[in-house]
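Biologist: Please take one part of this model and go through it closely, strand by strand, and then move on to the helix packing elsewhere. I would like the cut-off behind each term as you use it.

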Amino acid sequence: MMPASLLTEHTLTELLGWPLLHFVWQGALIASVCAILLALTRNARPQLRYMLACAAMLMCLLWPALGVLQQWRDPQTINLETALQLASKTSISLDLIWIRQSLLAAQIEAWLPLVVSIWGMGVLLMLMRLALGLLWVYRLGQHGNDIAVLTQQWQARTNQLAYQFSIRRQVQVRFQKDLLSPVTYGCLKPVVVMPASLLSGMAPDMIEALLAHELAHIKRWDYAVNLLQNLVLSLLFYHPAVWWVSKRINAERELIADDMAAGMLGQSKPLARALQVLDKLQIAALPPTAMAANGGDLLSRIKRLVRPDAQPWHWKMAAPVLGIAAALLLLLQTQVNAAPELSVAAPAEKSAPVTHVNAYVKTSSEHVLVIDEQSGKVLLEKNADTVVPIASLSKLMTAMVTLDAKLDMQESITITKDDIGTWQNTQIKLPAGISLSRQNLLELALIPSSNAAARALARSYPGGKAAFIAALQKKTASLGLQATYLDEASGISPNNRSTARDIARLVKVAASYPELSTLTSRSEGQYSVAGQTHDYQSTNSLTADKDWDISLSKTGYSKIAGRCITMRTTLAGKPIIMVLLNAKNSDMRTDDVMHIRTALEAATPG
């Protein structure tokens, strides 16, 4: 267990950001499953569908809450600077556990602070909306007593209906001129506010039916559920699935109240006629904090009360299956996998107790090896013995084989169509028929990483391409690179494979070639064809950075190999060899290199 003083603090962004984003697929999954269950129970009692919809809403609240709890309990990642500082402590034995992260997740992570900020502002606005709705309903009930005589008459009838519903709480009835639909609010002291306009437009049995409907809500404590429902909406306002589930809860709630009212009155027609009047009035939507008789689909409720029919199956009811598939696909894209890889362990003094620490570290690069060249000590490693394609890192071996042959570097070599092949990098495009010296080709192969130049070097080797490949493999064997296999000069072939550990050995040998050190540490160069000068830059932008002391460098890229880089550089006064293979993009690869440098400098005693 990591000591408390060494733990990374949980930020609000870390705690909330990922659970909120994961709810995008979680909410879609919940709503899709809920839709399927509601379709299967379309002819069951509305109580069952209501329970299913409420369970779905509860899941919408609990799943992100569990995500926040999981985020709190999970070990947090630390940066490489902190990890290597821990490794430098004599009383700590540090095991690095590397966190592998999908490209989509890595790209999203940078936006988490903005996501959480926008969510926070949205929650604040939704809570203000909820508070204003509560205030509106409260004031409506306080001032809703426009017809005192009728209020007394209907209060008596309301008390009788409440007794029939076995409601022991005192229910108040008020009438309001400016209201167009009955509204119920309150839990312990419920209030039903009736529109005064309905007294002249409805028969007494219809008003009684509406009162029974509202009392059914009071009987079931629906107002409390509605408040909780709106709190969930306020927290998860950004997801359409939550709004859809809430709408289904409202619809099923109204059906249940309709059934209870009709059952208590012994007939359904008065309620159906009352709902028909409300439908004709085309009542505007009320604040979500109020329980109103015009909730749900009025026409479907009227039809259900007058002539209930079985609901047929419709092919659209199978659409949620697509939602489930989309949710699972998004989950796979953003999934973060942790894979343990033992790494740095600092030797502890015999007299000092050893504290074992697990450090969770992220890098974009899948394979990492950092070595102190003088001592041979491994400073950092991650999957360093996995054999993977190495792309243009192969050109280091191509250059060494070329220099070992002691060929005439000023010999003119003509580029052919076979040299160009099917792909060249975007910076250097050598046309067939031009002639360049072997020295120019060596520079172009190493600095801007020209594939055509590397192929031309192999083709012009004594004995041709076959002899060059044989020399390439012989050189590989002589260096003891047992996990390395090269069958092509430029690195385009996916068969050019090696490990981070073998590449580090290769870099150490390549650094002993003065010309390779000189060329690969350059940031730019020129070559001339037919009297015209062409400029080029190194594929490693760090060579142009004056803050870096790079004595050898080579990058690589292919679709299968990702972004690769190897460097020999001086950090904290020591020659360091870095190998990073299969990063997701150039920027993330450079970020890894910068983090490693900062970590090594911070971990070195000043």
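Modeller: Two strands pair if DSSP finds at least two bridges between them, and strands (E, at least two residues) and helices (H or I, at least four) are DSSP runs numbered from the N terminus. The model is a predicted one, in which local features need pLDDT of at least 70 and side-chain atom pairs count only at pLDDT 80 or more, while totals for chains, interfaces and linings use all residues. Residues are numbered from 1 along each chain as its sequence is written, and side-chain values use heavy atoms, with hydrogens and water left out.

The part I have chosen is an open sheet of 5 strands, which follow one another in the order S9-S8-S18-S17-S16 with antiparallel pairing. At its edges are strand S9 (378-382) and strand S16 (550-558), each of which pairs on one side only. Ignoring direction, neighbouring strands of this sheet are turned by 5° against each other on average; axes here are lines fitted to C-alpha atoms, for helices over the stretch in contact, and angles run from 0 to 180 degrees between N-to-C directions.

Going inward from the S16 edge, S16 and S17 are joined as a hairpin with 3 residues between them, and their antiparallel pairing runs over 8 bridges. Within this pair, Lys554 has Thr566 of S17 standing opposite. S17 itself, residues 562-571, is mostly covered, since 8 of its 10 residues are buried; buried means under 20% relative accessible area, exposed over 50% and partly exposed in between, for a 1.4 Å probe and protein chains only.

On its other side S17 pairs with S18, again in the antiparallel sense and over 8 bridges, and there Ile565 has Leu580 of S18 as its bridge partner. These two strands also form a hairpin, with 2 residues between them, in which Ala572 takes a positive phi near 55°. S18 (residues 574-583) then continues the sheet by pairing with S8 (residues 367-372) in the antiparallel sense over 6 bridges. One position in that pair can be followed by eye at Asp372, which stands opposite Ile576 in S18.

A helix lies over this arrangement: H19 (residues 500-510) is placed across S8, S9, S16, S17 and S18, and runs at about 135° to S18. Contact, here and below, means heavy atoms within 4.5 Å.

Turning to the helix packing, H17 (451-459) sits in the chain after helix H16 (438-446), and the loop between the two holds Ser449. This serine has a positive phi of about 60° although it is not a glycine, and with a relative accessible area of 7% it is buried. H17 is in turn largely enclosed by the rest of the structure, because 7 of its 9 residues are buried. The buried residues are Asn451, Ala452, Ala453, Ala454, Ala456, Leu457 and Ala458, and they pack against helix H14 (394-404), strand S11 (412-414), helix H15 (417-420), H16 and helix H18 (464-478).

Two of those neighbours, H14 and H18, also meet each other: their axes come within 10 Å and cross at roughly 105°. That makes H14 roughly perpendicular to H18, where angles under 35 degrees count as roughly parallel, over 145 as roughly antiparallel, 65 to 115 as roughly perpendicular and the rest as oblique. From H14, the residues Met397, Thr398, Met400, Val401, Thr402 and Asp404 meet Phe468, Ala471, Leu472, Lys475 and Thr476 of H18. By class, this contact divides into 6 nonpolar, 3 polar and 2 charged residues, with Ala, Val, Leu, Ile, Met, Phe, Trp, Tyr, Cys and Pro counted as nonpolar, Asp, Glu, Lys and Arg as charged, and the others, Gly among them, as polar.

A further helix pair can be set beside that one. Helix H1 (residues 12-40) and helix H10 (residues 240-265) pack at an angle of about 30°, with their axes 9 Å apart, and they are therefore roughly parallel to each other. On the H1 side the contact is made by Phe23, Gly27, Ala28, Ala31, Cys34, Ala35 and Leu38, which meet Ala241, Val242, Trp244, Val245 and Arg248 in H10. The contact of H1 with H10 has 10 nonpolar, 1 polar and 1 charged residues.
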